[in-house]
Amino acid sequence: MKEPHPSASDTRPAPEEGLRSEDRLTLSKERARRQLEEIEAVYATAPVGLCVVDRDLRFVRINERLARLNGASVAEHIGHSIFEMIPAVADVMAPLLRGVIDSGEPLLDHESVSETPAQPGKPRTWIGHFYPLKDATGQVIGINVVTDDITDRKQAELALRESENRYRELSADLERQVEARTAEVRATYAALEASEERYRLIYDHSAEAILIVNLDGQIIDVNVQACQQYGYSREAFLQRRISDIDITPAAVKATERIGRSAERERTTFETQHRDAEGRTLTVEVRANRILYDGQPAVLGLCRDITAQKQAQARIE
C-alpha cells in the first residue's frame, strides 16, 4: 500500500533517516512483502480475468479465474506464450498486444467473441483492456491485461431492445441503464512487480469502489472510484466508520463476521449505503478478509446497483 507523500512544507526527516543500511533494507523488504500480499489479495478477489505478458507474449502472471477459463493451472501458464496456452485466439490477440507494445498506448474496451477450453462449443462475448507496463526509462516491458465476460450483459441488452414496443414509455430510461451496464468494467489491475507505485495504479484505477475497513469498523483506505461514487474526499472517508456509510443495523456485525472468517473467503451481499449528499444507494458488496499493513482487515468491492434495481422494479 502506498505510503502518503510528505508535503513540500514538511521538513521532518523520513522514518528511514538515521537507520543503519541493514535496518533500511529490512524495512524495505517488509514493505515490499506487505505490498505483494495486498496485490495477491486483489488478484485472488478480482471478479475479472487478469494477467501480465512480457514483450515475447509469455505469461508472467495470471489469476486463477483466467487460468481456469484457459483450461490450465496458473503454474502451467507461467513462462509459456499465448500461442502455447490459448492457440485458438492467439492469432487474433497477438497483433493487438504487439500494437500496444509498439505504440506504448493502452487499448481499451475491445470486444471479441470466442470459446474457452473450459466451455468448448459455447461462444462468449468478452471485453478486454490492454495497458502497457513501462520501466523507469519509459520502455514497454510488458502488457497488463484485464478481461471480463459480458455475455449476460449482451443478452440482457437484446432482451431489452426486443421489449421496446411493449415498454415504449420506459425505453429511453432502460437504454440508459443498458449503456451504464455495458460501461461497467469490474476491473482491478495487476502489477508486474510488488512496487508501491504500480500497486496504487491498480488500486486507484479500479472501475468499482473499494473500501478497506479494519476489524473495529474504521475505514482505513479507499480508492478513487469510491470517492467518486460516494462524493467524499479521501480525507473525509478516512474519518468515518463503516456504520457511517452502511445505514443497515447489521453493518458493524457484518464487518465483525467477515473479519472472523477464513482469510480470503469471499462474502457477497446487498446492502444500503448513504453518500455524502444523503442519498441512499443500493450496493452489491463482495467482501473478504485480507492483511492490510500487517493487520487483518476487510476489503469490500462495492458496486452501485441502484439504477439496475429501479429498472427491474419498473419492468415488474
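**Exercise 1. The largest core**

Which residues touch the most other members in the largest nonpolar core?

Solution. The structure is a predicted model, and the exercise begins with its interior. The largest nonpolar core holds 21 residues, and those that touch the most other members are Cys51, Phe59, Ile82, Leu97, Phe130 and Ile143. The next step is to see where the members come from: β1 (49-54), β2 (59-62), α2 (64-69), α4 (82-85), α5 (87-103) and β5 (140-149) each supply at least two residues. Helix α5 gives the largest share of this core, namely six residues. As a last step, take Cys51 and leave aside residues up to four places away in sequence; its contacts are then Tyr43, Phe59, Arg61, Ile62, Leu66, Ile143, Asn144 and Val145. Apart from this core there is a second, separate one of 19 residues, which includes Ala209, Cys227, Tyr230 and Val283.

**Exercise 2. The five-stranded sheet**

Work out the order of the strands in the open sheet of five strands, and find what packs on this sheet.

Solution. Reading across the open sheet, the order is β2-β1-β5-β4-β3, and the pairing is antiparallel. The strands at the edges are β2 and β3 (107-116), each of which pairs on one side only. On average, neighbouring strands of this sheet are turned by 25° against each other, with direction ignored. Looking at one pairing in detail, strand β4 (residues 119-134) runs antiparallel to β5, and nine bridges connect the two. Within this part of the sheet, Trp126 stands opposite Asp149 of β5. Helix α6 (residues 151-162) packs on the sheet, where it touches β3, β4 and β5, and its direction makes about 115° with that of β4.

**Exercise 3. A salt bridge between helix and strand**

Which parts of the chain does the salt bridge of Lys154 with Glu111 tie together, and how many residues apart are they in sequence?

Solution. Begin with the distance: the closest N and O atoms of Lys154 and Glu111 are 3.1 Å apart, which is within the 4 Å that a salt bridge allows. Then place the two residues: because Lys154 belongs to helix α6 and Glu111 to strand β3, the pair ties together parts that are 43 residues apart in sequence. Finally, consider how far each is covered. Lys154 has a relative accessibility of 27% and counts as partly exposed, and Glu111 is also partly exposed, at 40%. By the rule used here, the count of salt bridges comes to 13.

**Exercise 4. A network of charged residues**

Trace the network of salt bridges that contains Glu208, Glu284, Arg286 and Arg303.

Solution. Start from Arg286, which forms a salt bridge with Glu208 through N and O atoms that are 2.7 Å apart at their closest. This pair links distant parts of the chain, since Arg286 is in strand β9 (residues 280-292) and Glu208 is in the loop between α8 (196-204) and β6 (209-214), 78 residues apart. Arg286 has a relative accessible area of 7%, so it counts as buried, and Glu208 is buried as well, at 4%. Move next to Glu284, whose salt bridge with Arg303 has its closest N and O atoms 3.3 Å apart. Here the link runs from Glu284 in strand β9 to Arg303 in strand β10 (residues 295-304), 19 residues apart. Both Glu284 and Arg303 are buried. Taken together, the four residues are linked in a network of salt bridges.

**Exercise 5. Strand β6 and its partners**

Is β6 mostly covered or mostly open, and which strands join it through bridges?

Solution. Strand β6 is mostly covered, with six of its six residues buried. Taking the faces in turn, Ala209, Leu211 and Val213 are buried on one side, while Ile210, Ile212 and Asn214 are buried on the other. As for partners, β6 is joined to β10 by six bridges, with the two strands antiparallel, and Ile210 stands opposite Leu301 in β10. Strand β7 (residues 219-222) is also antiparallel to β6 and joined to it by three bridges, and Val213 has Ile219 of β7 as its bridge partner. The hairpin of β6 and β7 has four residues between the strands, and Gly217 takes a positive phi near 90° there.

Definitions and conventions: Residues are numbered from 1 along each chain as its sequence is written. This is a predicted model: local features need pLDDT of at least 70, side-chain atom pairs count only at pLDDT 80 or more; totals for chains, interfaces and linings use all residues. Side-chain values use heavy atoms; hydrogens and water are left out. A nonpolar core is a set of buried Ala, Val, Leu, Ile, Met, Phe, Trp, Tyr and Cys residues joined through side-chain atoms within 4.5 Å. Buried means under 20% relative accessible area, exposed over 50%, partly exposed in between (1.4 Å probe, protein chains only). Contact means heavy atoms within 4.5 Å. Two strands pair if DSSP finds at least two bridges between them. Axes are lines fitted to C-alpha atoms, for helices over the stretch in contact, and angles run from 0 to 180 degrees between N-to-C directions. A salt bridge is a side-chain nitrogen of Lys or Arg within 4 Å of a carboxyl oxygen of Asp or Glu.
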